[in-house]
Amino acid sequence: MDRVLLAVALVAVAVAVALVVQRRRPDAPSRPAFSVPLQVDRADFARPDAPWLVIAFTSHTCDSCAGVWDKVRHLDADGTGPVGVHQVEVGAEPALHDRYGVDAVPLVLIVDAEGVVVRHFLGPVTATDLWAAVAEAREPGSTPGGCAGHG
């Protein structure tokens, strides 16, 4: 009989310990939070005088970054148009990644003349979505509904 009582007591203690341990476990995060700047200092980037600026934060270790930059760079093919572009590769310009709290790439920002980020894309973006977003930012209502991408 003593053995049965001892076994019941040990089971009760084990259940109590399991309940305490389970309560102390923190909840899993609901989703990762990535930082997207709301405003930038235009003087930090190429062509600060251009009416619009498209900034691509990238990394040479990122598989999709090269494709995103290839889409962005065509927005300013001759270097004199109304849209300036700038690639901020983390290995080449880590201070700008730090300054703007960029913790995920590729990140594309569409910035107005005052430095306000009016649109962004985190992750790969199609040329159609990017170019439509820039056109819509420059001239609201210029693209059909649904063509300006998400971000």
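Begin with the whole protein chain of this predicted model, and colour it by burial: of its 151 residues, 34% are buried. If you then switch on the surface, the chain exposes about 9,400 Å², of which carbon and sulfur atoms supply 59%.

Change next to a cartoon view, where the secondary structure comes to four helices and four strands, and follow the chain from the N terminus, along which the elements run α-β-α-β-α-β-β-α. Contacts can be traced in this view as well: among those between residues at least 6 apart in sequence, 66% join residues at least 24 apart.

**The sheet**

Select the four strands together, and you will find an open sheet in the order E2-E1-E3-E4, with mixed pairing. Its edge strands are E2 (83–89) and E4 (117–122), each of which pairs on one side only. Averaged over this sheet, neighbouring strands are turned by 15 degrees against each other, direction ignored.

Now narrow the selection to residues 52–58, which are strand E1, and add E2: the two pair in the parallel sense over seven bridges. Within this pair, look for Thr58, which stands opposite Glu89 in E2.

**The helices on the sheet**

Add residues 65–73, helix H2, which lies across E1, E2 and strand E3 (107–111) and runs at about 160 degrees to E2. Then show residues 127–138, helix H4, which packs on the sheet and touches E1, E2, E3 and E4, its direction making about 170 degrees with that of E4.

A distance check is possible on H4: at 1.5 Å a residue, its 12 residues should span 16 Å, and because the end C-alpha atoms are 16 Å apart, the model agrees with that expectation.

Which residues of H4 are buried? Display the side chains of Ala127, Leu130, Ala132, Ala133, Val134 and Ala137, for these are the ones; what covers the buried residues of H4 includes E1, H2, E2, E3 and E4.

**The cores**

In soluble globular proteins, nonpolar side chains tend to be buried together. Select Val54, Val72, Val108, Ile110, Phe121, Leu130 and Val134, which touch the most other members of the largest nonpolar core, a set of 16 residues. E1, H2, E2, E3 and H4 each supply at least two residues of this core, and the largest share, four residues, comes from H4.

Centre the view on Val108, which, leaving aside residues up to four places away in sequence, touches Val54, Ile55, Ala56, Val68, Val72, Arg119, His120, Phe121 and Leu130. Finally, select Val40, Phe45, Val88 and Leu107, which are among the 13 residues of another core, lying apart from the largest one.

Terms used. Residues numbered from 1 in each chain as written. Predicted model: local features only at pLDDT ≥ 70, side-chain atom pairs only at ≥ 80, totals over all residues. Heavy atoms only, no water. Pairing = 2+ DSSP bridges. Axes fitted to C-alpha atoms, helices over the stretch in contact; angles between N-to-C directions. Contact = heavy atoms within 4.5 Å. Expected span 1.5 Å × (residues − 1). Buried < 20%, exposed > 50% of the residue type's maximum accessible area, 1.4 Å probe, protein only. Areas by Shrake-Rupley, 256 points an atom, 1.4 Å probe, with all protein chains shown as cover. Core = buried A, V, L, I, M, F, W, Y, C linked by side-chain atoms within 4.5 Å.
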